[in-house]
Amino acid sequence: VMLVHVDGLVSLHFGYLNYLFNDAENRLGQGSDFFAIYQAGHDFLRGISVYIPHQANSAGDVPYAYAFRYLPSVAFSFGAAFNVLPAWPAYWSWVGFNESLLLLNVALTWRVAPDRTTRVIGVAMWLVYTPLYLELFMGQFNFLMASLVFWLGLSLRSGLLTAASGSWTASLLAKTNSLILLPVAWRTGWLRMAVAGVVFAGIVNLPYFMLVRGSWSTWIGNFNFIGDRPDVIPH
């Protein structure tokens, strides 16, 4: 299974597996989701709104990108940090970061699995999970989210509430779709910790929306899939 995974990594460079995935063949190009975050970080460092594609386009800092739809915290953390590198080296460093997450998850799976058969199956599910190829190709944040939720579950299972709180809060700052776990928090007794994480994420992000004119409406508008809207930053 490791050889299958390595084959996918090689294809990220040469592209011979791209035809198997719709987005790899029919979207803007490799790294287009990552470049949206990279560009938002660059715009944050320049003091302009991270949600206005046409302003970013004038700088020509990325070859192409989709509209930035994450919370501001992603722009002034990951986005700004990756700006220490040019766009393409930054993308490949993001691929490397995801690979380190994968190896950590494999090690944790091997450790917590009850028997060898379960270990082998669990590790194989990490290494031969084909959507991971598209995740790395586009430079998305879904695998980071999956890792944080995985760590959340392991921490709760082990009674490590501080670690669980950190994983939960980080998931909210990275990508808000982990909010769907709030009913689980209510039913399983960690609702207070979950609410504290939501409050903290709000404290981190709301000042940006309050201080940068038009950022809230533009962010909300990015989720409107009806009619025309600025969606890409072309070359």
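**Exercise 1.** What percentage of the 235 residues of the chain count as buried?

*Solution.* The structure is a predicted model. A residue is buried when its relative accessible area is under 20%. By this criterion, 45% of the 235 residues count as buried.

**Exercise 2.** Describe the secondary structure of the chain, and determine why the chain is said to be as compact as a globular protein of its length.

*Solution.* Step one: the chain contains 13 helices and 2 strands. Step two: its radius of gyration is 19 Å, and the globule rule gives 18 Å for 235 residues. Step three: these values are close, so the chain is as compact as a globular protein of that length. The C-alpha trace spans about 55 × 45 × 35 Å along its principal axes.

**Exercise 3.** Identify the residues with the most contacts inside the largest nonpolar core, and the helix that gives the most to this core.

*Solution.* Step one: the largest nonpolar core comprises 48 residues, and Phe-34, Phe-35 and Phe-68 have the most contacts inside it. Step two: the elements that each supply at least two of its residues include α3 (32-46), β1 (65-66) and α12 (191-211). Step three: α6 gives the most, with 8 residues. Step four: apart from this core lies another, of 11 residues, including Trp-168 and Leu-172.

**Exercise 4.** List residues that Phe-35 touches, leaving aside those up to four places away in sequence.

*Solution.* Contact requires heavy atoms within 4.5 Å. Among the residues that Phe-35 touches are Val-62, Pro-63, Tyr-64, Trp-88 and Tyr-91. For the chain, residues 24 or more positions apart account for 71% of the contacts with a separation of 6 or more.

Methods. Residues numbered from 1 in each chain as written. Predicted model: local features only at pLDDT ≥ 70, side-chain atom pairs only at ≥ 80, totals over all residues. Heavy atoms only, no water. Helix = DSSP H or I, 4+ residues; strand = E, 2+ residues; numbered from the N terminus. Rg over C-alpha atoms; globule rule 2.2 N^0.38 Å. Buried < 20%, exposed > 50% of the residue type's maximum accessible area, 1.4 Å probe, protein only. Core = buried A, V, L, I, M, F, W, Y, C linked by side-chain atoms within 4.5 Å.
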